[in-house]
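Open the model in your viewer and keep the selection panel handy. Each stop on this tour gives you something to select and then says what is there.

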Amino acid sequence: MLRVKFEDMKTEFKRVLLKKGFSEEKAESASQLFTETSCDGVYSHGVNRFPRIFEYIEKGYIDPVAEPNVVANMGAFERWNGNLGLGNITAKKAMDRAIELAKQYGIGAVAIQNTNHWLRGGTYGWQAAEAGCIGICWTNTQPNMPAWGASERRIGNNPIIFSVPRKDGHIVADVAVAQFSYGQMEAAKLRGEKLPVPGGYDLAGNITNDPVEIEKTWRVLPIGFWKGSGLSILLDLIAAVLSGGNSCEEVGKLGGDEFALSQVLIAIDAERIAGTEAMENIVNSTIDYIKGSDPVEKDGTIFYPGELEKIKRNENLQLGIPVHEEVWNKIKSM
């Protein structure tokens with residue numbers, strides 16, 4: 001594994017994006033987001049994912065010059081068309097607008113149709129929290145998971161994010177409704193590691209924690225089994241209805257690649273609604289209570305959602321961001 005400095009990685013991302021026709025402003029914004037994601041240890045949706053972004057630009061799924069536009073609005077709610085722009089830029093702009101609406105109305109929501117993979121969904125939870133807002137956002141995907149009791153892929157692993165602001169470290173949960181996202185499984189495969197718990201089925205129909213075997217079947221496990229399956233279906237339906245965009249079914253009809261997705265980003269002005277001091281007291285008391293639990297393992301640590309990203313960020317800023325040499329060489333050759 002190589003260690004690459006934050007600014008060096010960002011510079012390389014930006015060079016490629018500029019080469020592919022992005023403006024200076026868009027290349028700067030996107031490269032910052034890609035690098036922050038990698039720095040926080042979410043390599044599956046940062047540096048490891050970047051070559052696929054390059055591929056999607058080449059295929060025409062991502063339009064470097066596209067701008068999202070508002071197609072409908074109703075008070076604190078707006079519906080956007082992403083026009084197949086780069087997903088992380090569009091999602092950031094949408095959360096910026098949701099925050100702006102929340103500061104005006106108390107709550108703000110933007111639903112996007114015809115957009116691309118937003119990379120790390122947690123980015124927009126952190127963004128809301130930085131603005132003193134509770135964040136709730138989710139995306140649908142291509143059909144990449146079987147409904148509970150089925151053998152073929154007809155629902156998505158539709159990631160959902162929740163965040164709560166806190167001065168001493170925001171609380172951010174970023175979860176796919178599959179036990180593991182495909183990006184996480186790809187990262188484990190690159191490291192030559194097994195998943196920590198079973199994540200899907202092998203060709204014989206047995207549950208396994210081997211990402212190589214799961215990749216052969218695409219039969220991933222939903223979180224909570226039937227509960228995750230039901231959650232996936234509802235997240236997909238709500239995103240498609242609110243955005244007027246594609247459901248997982250319609251995304252699947254576009255072919256084997258994942259684009260033209262539907263997303264929802266919501267911000268709630270928690271500081272104004274709850275009061276900053278009252279909110280801090282509630283959150284700090286709860287986190288202290290949880291972290292005071294007796295760990296199962298001797299000298300174990302109980303982490304709150306988002307704490308590991310904070311730790312990894314500080315480590316990678318000091319030591320450099322770890323990258324597989326083959327991935328880095330591929331990016332350098334673009």
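Start by selecting Lys26, Ser29, Ala30, Leu33 and Phe34 in H2, then add Asn88, Ile89 and Lys92 in H4; these are the residues through which the two helices meet in this predicted model. By type, the residues of this contact are four nonpolar, two polar and two charged.

Now widen the selection to the whole of helix H2, residues 24–39, and helix H4, residues 87–105. How far apart are their axes, and at what angle do the helices pack? The axes are 9 Å apart and the angle is about 95 degrees. Angles of 65 to 115 degrees count as roughly perpendicular, so H2 is roughly perpendicular to H4.

Stay with H4 and check its length. With 19 residues at 1.5 Å a residue, H4 should span 27 Å, and the 26 Å between its end C-alpha atoms agrees with that. Next, colour H4 by accessibility: its buried residues include Gly87, Asn88 and Ile89 at the start of the list, and Leu101 and Ala102 at the end of it. Among the others are Met95, Ala98 and Ile99. Step just past H4 to Gly106, where phi is positive, about 100 degrees.

Next stop: the sheet. Display its seven strands in the order S2-S3-S4-S12-S5-S8-S9; the sheet is open and its pairing is mixed. Which strands lie at the edges? They are S2 (69–74) and S9 (171–175), each of which pairs on one side only. From one strand to the next, the twist averages 10 degrees.

At the S2 edge, S2 and S3 run antiparallel and are joined by five bridges. Pick Asn73 and look across to Glu78 in S3, which stands opposite. The two strands form a hairpin with two residues between them, and Gly75 in the turn has a positive phi of about 60 degrees.

At the S9 edge, S8 (residues 160–164) and S9 are also antiparallel, with five bridges joining them. Select Phe162 to find its bridge partner in S9, Ala173. Then bring in helix H8, residues 226–243, which packs on the sheet and touches S3 (77–81), S4 (107–115), S5 (134–139), S8 and S12 (261–268). The direction of H8 makes about 85 degrees with that of S12.

Move on to H5, residues 122–130. Is this helix enclosed or exposed? Eight of its nine residues are buried, so H5 is largely enclosed by the rest of the structure. Select Gly122, Thr123, Tyr124, Gly125, Trp126, Gln127, Ala128 and Ala129 to see the buried ones. After H5 comes Gly132, with a positive phi near 80 degrees.

Finish with two backbone checks. Most residues other than glycine have a negative phi. Asn114 is not a glycine, yet its phi is positive, about 55 degrees. You will find Asn114 in strand S4, partly exposed with a relative accessible area of 24%. Then go to Ala260, in the loop between helix H9 (248–252) and S12. Ala260 is not a glycine either, and it has a positive phi of about 60 degrees. Is Ala260 buried or exposed? Ala260 is buried, with a relative accessible area of 5%.

Terms used
Residues are numbered from 1 along each chain as its sequence is written. This is a predicted model: local features need pLDDT of at least 70, side-chain atom pairs count only at pLDDT 80 or more; totals for chains, interfaces and linings use all residues. Side-chain values use heavy atoms; hydrogens and water are left out. Axes are lines fitted to C-alpha atoms, for helices over the stretch in contact, and angles run from 0 to 180 degrees between N-to-C directions. Helices (H or I, at least four residues) and strands (E, at least two) are DSSP runs, numbered from the N terminus. Angles under 35 degrees count as roughly parallel, over 145 as roughly antiparallel, 65 to 115 as roughly perpendicular and the rest as oblique. Contact means heavy atoms within 4.5 Å. Ala, Val, Leu, Ile, Met, Phe, Trp, Tyr, Cys and Pro count as nonpolar, Asp, Glu, Lys and Arg as charged, and the others, Gly among them, as polar. Two strands pair if DSSP finds at least two bridges between them. The expected span of a helix is 1.5 Å times one less than its number of residues. Buried means under 20% relative accessible area, exposed over 50%, partly exposed in between (1.4 Å probe, protein chains only).
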